[in-house]
Amino acid sequence: MVQTDSGYQLVRLNNGICSVRSLADAETFHPVVGPVAEAEALYVNQLKLRERLQNHTGEFVVWDVGLGAAANALTVLRATRDLPCQIRLVSFDHTIEPLEFALKHATDLGYFGGYENHLQQFIRESRVTFQDGQQSVNWEFHHGDFPTWLANSKLKTKNSKFSRPPHAILFDAYSPAKNPAMWTLPLFTNLFQQLNPQRPCALPTYSRSTILRVTLLLAGFFVGVGHATGEKEETTIAANDLSLIAEPLDARWLARAKRSHSAEPMVEPIYHIAPLSAASWEKLSAHPQFQL
Ligand SMILES: C[S@@+](CC[C@H](N)C(=O)[O-])C[C@H]1O[C@@H](n2cnc3c(N)ncnc32)[C@H](O)[C@@H]1O
């Protein structure tokens with residue numbers, strides 16, 4: 001539908017809401033219910049962000065993987081702006097273009113209200129700090145290939161405690177078929193190793209595929225059934241602490257995974273479908289989640 005003045009396009013969904021579409025990747029960012037409704041259901045509500053922030057002292061660190069047009073990040077900030085809290089938002093993407101495009105179409109997209117000046121600074125300087133009522137926001141951008149950044153961070157953290165591990169992760173890459181590099185077992189293993197075992201952290205994402213769930217489990221996460229979003233009847237939530245998961249995957253899911261024709265994690269950034277290997281099954285069935 002609407003304008004194209006870059007590799008991105010504004011599309012109007014059936015409910016009248018606008019979303020951004022990447023022409024190169026042939027993917028619409030939030031294709032059914034729209035950016036804000038999806039971000040509220042998948043991240044704000046599912047992560048119980050308001051509740052966690054109300055019970056939290058000090059900085060609360062959120063990683064926003066796939067900044068894109070910043071709908072997830074802004075929905076999180078807006079949903080918690082009335083709370084006295086300190087949010088450190090760390091956004092990752094290998095391009096700032098969708099955000100630049102979206103900001104030019106802020107009126108149609110409708111979710112930028114009040115944040116436009118902060119975002120101009122964020123785009124210019126890759127960081128912005130501001131106070132919004134009692135909410136203080138420290139937002140930084142890591143521009144580059146996320147899998148490479150994670151692999152390098154793993155090497156650095158061997159020698160120094162350089163990063164601030166997250167309390168929550170918004171994981172929003174393109175679909176595995178289009179963007180396999182963002183869904184591999186090495187990526188989620190490196191991501192899990194960035195977490196602090198003493199700091200409970202949850203990661204919801206929109207897919208409910210068996211491959212994704214097996215990948216997260218083999219990377220070390222506990223994994224559960226995630227909320228419906230209006231777009232998907234079920235999603236996935238992973239965490240380093242079982243208490244953050246309302247409905248952990250159970251023995252019935254494990255039996256289905258064993259029979260699935262599409263369950264083996266991708267080790268390389270090449271999309272492929274295969275049943276579980278004997279080695280993966282052995283590790284999966286020994287996961288602590290299934291020993292309870
Ligand atoms: C579905 S869009 C994200 C939408 C965004 N969360 C929002 O709320 O508007 C996926 C994003 O992942 C980014 N991405 C894909 N592969 C990446 C990679 N290897 N490293 C970093 N970012 C990547 C894309 O550039 C794109 O902006």
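The ligand in this predicted model is surrounded by 22 residues, of which Gly66, Gly68, Ala69, Ala71 and Phe146 come nearest. Three elements each give at least two residues to this shell: helix H3 (71-79), strand E5 (85-93) and helix H7 (146-159). By class, the shell holds 13 nonpolar, six polar and three charged residues.

Two residues stand out by backbone angle. Most residues other than glycine have a negative phi. Ala70 is not a glycine, yet its phi is positive. Ser126 is not a glycine either, and its phi is positive too. The table sets out both.

| Residue | Phi | Loop | C-beta atoms within 10 Å |
|---|---|---|---|
| Ala70 | about 65 degrees | between strand E4 (59-65) and H3 | 29 other C-beta atoms |
| Ser126 | about 65 degrees | between helix H6 (116-125) and strand E6 (127-132) | 14 C-beta neighbours |

Are these two residues buried or exposed? Ala70 is buried, because 29 other C-beta atoms lie within 10 Å and the cut-off is 20 or more. Ser126 has 14 C-beta neighbours inside 10 Å, so Ser126 counts as partly exposed.

Next, a helix pair. Helix H9 (residues 210-219) packs with helix H11 (residues 278-285) at an angle of about 65 degrees, and their axes are 10 Å apart. That angle makes H9 roughly perpendicular to H11. Their crossing is left-handed. On the H9 side, the contact uses Val214, Leu217 and Leu218; H11 brings Ser280, Lys283 and Leu284. By class, the contact residues divide into four nonpolar, one polar and one charged.

Notes:
Residues numbered from 1 in each chain as written. Predicted model: local features only at pLDDT ≥ 70, side-chain atom pairs only at ≥ 80, totals over all residues. Near = placed C-beta within 6 Å. Helix = DSSP H or I, 4+ residues; strand = E, 2+ residues; numbered from the N terminus. Nonpolar A, V, L, I, M, F, W, Y, C, P; charged D, E, K, R; others polar. Buried ≥ 20, exposed ≤ 12 C-beta atoms within 10 Å, placed from the backbone. Axes fitted to C-alpha atoms, helices over the stretch in contact; angles between N-to-C directions. Parallel < 35°, antiparallel > 145°, perpendicular 65-115°, else oblique. Left-handed = near helix turned anticlockwise from the far one by under 90°. Contact = placed C-beta atoms within 7 Å.
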